[in-house]
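Welcome, and please take a moment to turn the model around before reading on. The report below goes from a single exposed residue to the whole chain.

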Amino acid sequence: MLGLILILIIGSILVYISQFNFMPVSLNLGMYVFPNIPLFYVIVGSLLCGLLLSYILYVVHAISTSFSIRGKDNEIKKNKDEILELTKQVHQLELENEKIKHNTGTKLEDPNAL
């Protein structure tokens with residue numbers, strides 16, 4: 001519903017602008033010349049080109065941001081795996097340390113170890 005209301009408002013604004021800007025102009029695009037184009041069409045065309053260009057820039061920025069976030073996620077996953085391995089190693093060293101303290105010949109195993 002909100003989209004419909006916005007379309008109606010924008011359409012009304014464009015109709016109001018078109019009433020006063022129907023004077024024919026020549027449009028020069030490099031070597032090409034388009035004669036007798038209403039000024040309103042030039043205004044709307046430049047508006048649409050600006051919107052299209054800004055959308056393209058937004059999409060490029062969003063894609064680069066997603067690649068950056070993906071790289072960071074992979075780095076975080078790698079670091080979590082490293083932390084898990086170091087935690088396992090610390091736990092095994094603690095078990096060996098207890099074994100040396102008690103000077104027992106049996107190997108200590110922890111059923112709750114990672």
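A residue counts as exposed when its relative accessible area is over 50%, as buried when that area is under 20%, and as partly exposed in between. Please keep in mind throughout that this is a predicted model.

**An asparagine in strand 2**

Let us begin with Asn 36, which sits in strand 2. Its relative accessibility is 61%, so Asn 36 counts as exposed. Its backbone is worth a look as well: Asn 36 is not a glycine, yet it has a positive phi of about 55 degrees. Another asparagine with a positive phi is Asn 103, placed just after helix 2, where the angle is about 50 degrees.

**The overall picture**

How many helices and strands does the protein have? There are two helices and two strands, and along the sequence they follow the pattern α-β-β-α. The C-alpha atoms fill a box of roughly 100 × 40 × 15 Å along the principal axes. The radius of gyration is 34 Å, whereas a compact globule of 114 residues would have one near 13 Å.

Burial and contacts can be read alongside these dimensions. Of the 114 residues, 4% are buried. Taking contacts between residues at least 6 apart in sequence, 13% join residues at least 24 apart. The accessible surface comes to about 10,200 Å², and carbon and sulfur atoms account for 68% of that surface.

**Helix 2**

Helix 2 runs over residues 39–102, a stretch of 64 residues. From its first C-alpha to its last it reaches 94 Å, close to the 94 Å expected at 1.5 Å a residue. Which residues of helix 2 are buried? They are Phe 40, Val 44 and Leu 95. The cover over the buried residues of helix 2 includes helix 1 (2–20) and strand 2 (32–38).

Ile 43 also lies in helix 2. With a relative accessible area of 33%, this isoleucine is partly exposed. Its C-alpha atom is separated by 9.3 Å from that of Ile 17, although the two residues are 26 apart along the chain.

**Aromatic pairs**

Searching the whole structure turns up four aromatic pairs. One of them brings together Phe 22 and Tyr 41 in an edge-to-face arrangement, with 6.4 Å from centre to centre and 70 degrees between the planes. This pair links distant parts of the chain, since Phe 22 belongs to the loop between helix 1 and strand 1 (24–29) and Tyr 41 to helix 2, 19 residues apart. Tyr 41 also pairs with Phe 40: the ring centres are 6.0 Å apart and the planes stand at 50 degrees, so this pair is tilted. Through such ring pairs, Phe 22, Phe 40 and Tyr 41 are linked into a cluster.

How do the cluster members compare in exposure? The table gives their values.

| Residue | Relative accessible area | Class |
|---|---|---|
| Phe 22 | 49% | partly exposed |
| Phe 40 | 12% | buried |
| Tyr 41 | 49% | partly exposed |

Phe 40 is thus the buried member of a cluster that ring pairs hold together with Phe 22 and Tyr 41. For Phe 40, the value of 12% falls under the 20% limit, which means that it is classed as buried. Phe 22, at 49%, is partly exposed because its value does not pass the 50% mark for an exposed residue.

Technical notes
Residues numbered from 1 in each chain as written. Predicted model: local features only at pLDDT ≥ 70, side-chain atom pairs only at ≥ 80, totals over all residues. Heavy atoms only, no water. Helix = DSSP H or I, 4+ residues; strand = E, 2+ residues; numbered from the N terminus. Expected span 1.5 Å × (residues − 1). Buried < 20%, exposed > 50% of the residue type's maximum accessible area, 1.4 Å probe, protein only. Contact = heavy atoms within 4.5 Å. Phe/Tyr/Trp six-rings, centres within 6.5 Å; stacked < 30°, edge-to-face > 60°. Rg over C-alpha atoms; globule rule 2.2 N^0.38 Å. Areas by Shrake-Rupley, 256 points an atom, 1.4 Å probe, with all protein chains shown as cover.
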